[in-house]
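Dear colleague,

I am handing over the structure below, followed by an account of what was found in its side-chain contacts. Please read the two side by side.

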Amino acid sequence: MELPLIIRPVAGLTEDMFFDLCQANAQLLMERDKDGNIIVMAPTGSDTGFYNSDINGQIWIWNRQSKAGYVFDSSTGFTLPNGAVRSPDVSWIEKSRYESLTTMERKRFAPICPDLVIEVRSLSDNLPDLLDKMKEYQSNGCSLGWLIDRIGKKVYIYGKDGSVESKAMPAQLSGEDLLPGLIVETNL
């Protein structure tokens with residue numbers, strides 16, 4: 001497992017400058033934590049990319065039928081209320097919440113925490129770091145989070161109430177009250 005490259009905060013690096021840095025280096029996947037550290041992550045392997053696409057597709061199909069919100073892929077950055085900029089593998093935002101953002105906010109790293117966040121552990125991911133990231137989403141307003149750990153064959157489910165539960169894989173995940181009728185298959 002390779003650890004991500006962490007660049008300590010650079011004095012004076014504004015949100016606009018971080019956005020421009022990411023755009024100028026689009027081949028790199030970068031996030032920023034609440035302390036301003038820039039995290040440069042390795043691309044996933046093709047197996048993980050295929051799996052992420054499958055999960056994204058299941059949510060996209062449900063959303064296409066329900067028209068309840070907007071689905072985003074792993075290249076989308078969001079500025080969380082704590083100042084971190086995160087790019088979940090798959091995310092979803094309820095329609096009225098996303099549409100309340102200005103056009104300019106939508107063109108940048110939108111200042112909003114997604115309602116549903118999904119992270120899929122790849123070979124380059126450290127499980128404790130992902131568990132911390134999921135807690136961060138939860139504490140920043142995420143209503144439902146799924147950490148799919150294909151390596152450990154477990155799914156961690158994060159609820160709006162602060163709860164965390166785990167299930168063995170493969171599992172069926174419910175969109176609960178947030179995404180009614182959504183069932184996602186998490187095959188290995």
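Two rings of Phe, Tyr or Trp (for Trp, its six-membered ring) are taken as a pair if their centres lie within 6.5 Å, and planes over 60 degrees apart make the pair edge-to-face. In this model, which is predicted, there are six aromatic pairs. One of them joins tryptophan 62 and tryptophan 92 edge-to-face, at 6.0 Å centre to centre and with 70 degrees between the planes; it links helix α2 (residues 46-66) to strand β7 (residues 90-94), the two residues being 30 residues apart, and both tryptophans are buried. Phenylalanine 72 and phenylalanine 78 are likewise edge-to-face, at 5.3 Å and 90 degrees, and ring pairs link these two with Tyr70 and Tyr98 into a cluster.

The structure also holds nine salt bridges. Among them, aspartate 16 pairs with arginine 108, with the closest N and O atoms 2.8 Å apart; aspartate 16 lies in helix α1 and arginine 108 in the loop between α4 and β8, so the bridge ties together parts that are 92 residues apart in sequence.

Arginine 150 has two contacts to look at: a salt bridge with aspartate 47, the closest N and O atoms being 3.3 Å apart, and a charged end that sits over the ring of tyrosine 51, 4.1 Å from its centre. Arginine 150 is buried, at 16% relative accessible area, whereas aspartate 47 is partly exposed, at 49%.

Finally, arginine 86 and glutamate 136, both buried, form a salt bridge at 2.7 Å between the closest N and O atoms, and shared partners join them with Glu31, Glu119 and Lys133 into one network.

Best regards

Notes
Residues are numbered from 1 along each chain as its sequence is written. This is a predicted model: local features need pLDDT of at least 70, side-chain atom pairs count only at pLDDT 80 or more; totals for chains, interfaces and linings use all residues. Side-chain values use heavy atoms; hydrogens and water are left out. Rings of Phe, Tyr and Trp (its six-membered ring) pair if their centres lie within 6.5 Å; planes under 30 degrees apart count as stacked, over 60 as edge-to-face and the rest as tilted. Helices (H or I, at least four residues) and strands (E, at least two) are DSSP runs, numbered from the N terminus. Buried means under 20% relative accessible area, exposed over 50%, partly exposed in between (1.4 Å probe, protein chains only). A charge sits over a ring if NZ of Lys or CZ of Arg is within 6 Å of the ring centre and within 35 degrees of the ring normal. A salt bridge is a side-chain nitrogen of Lys or Arg within 4 Å of a carboxyl oxygen of Asp or Glu.
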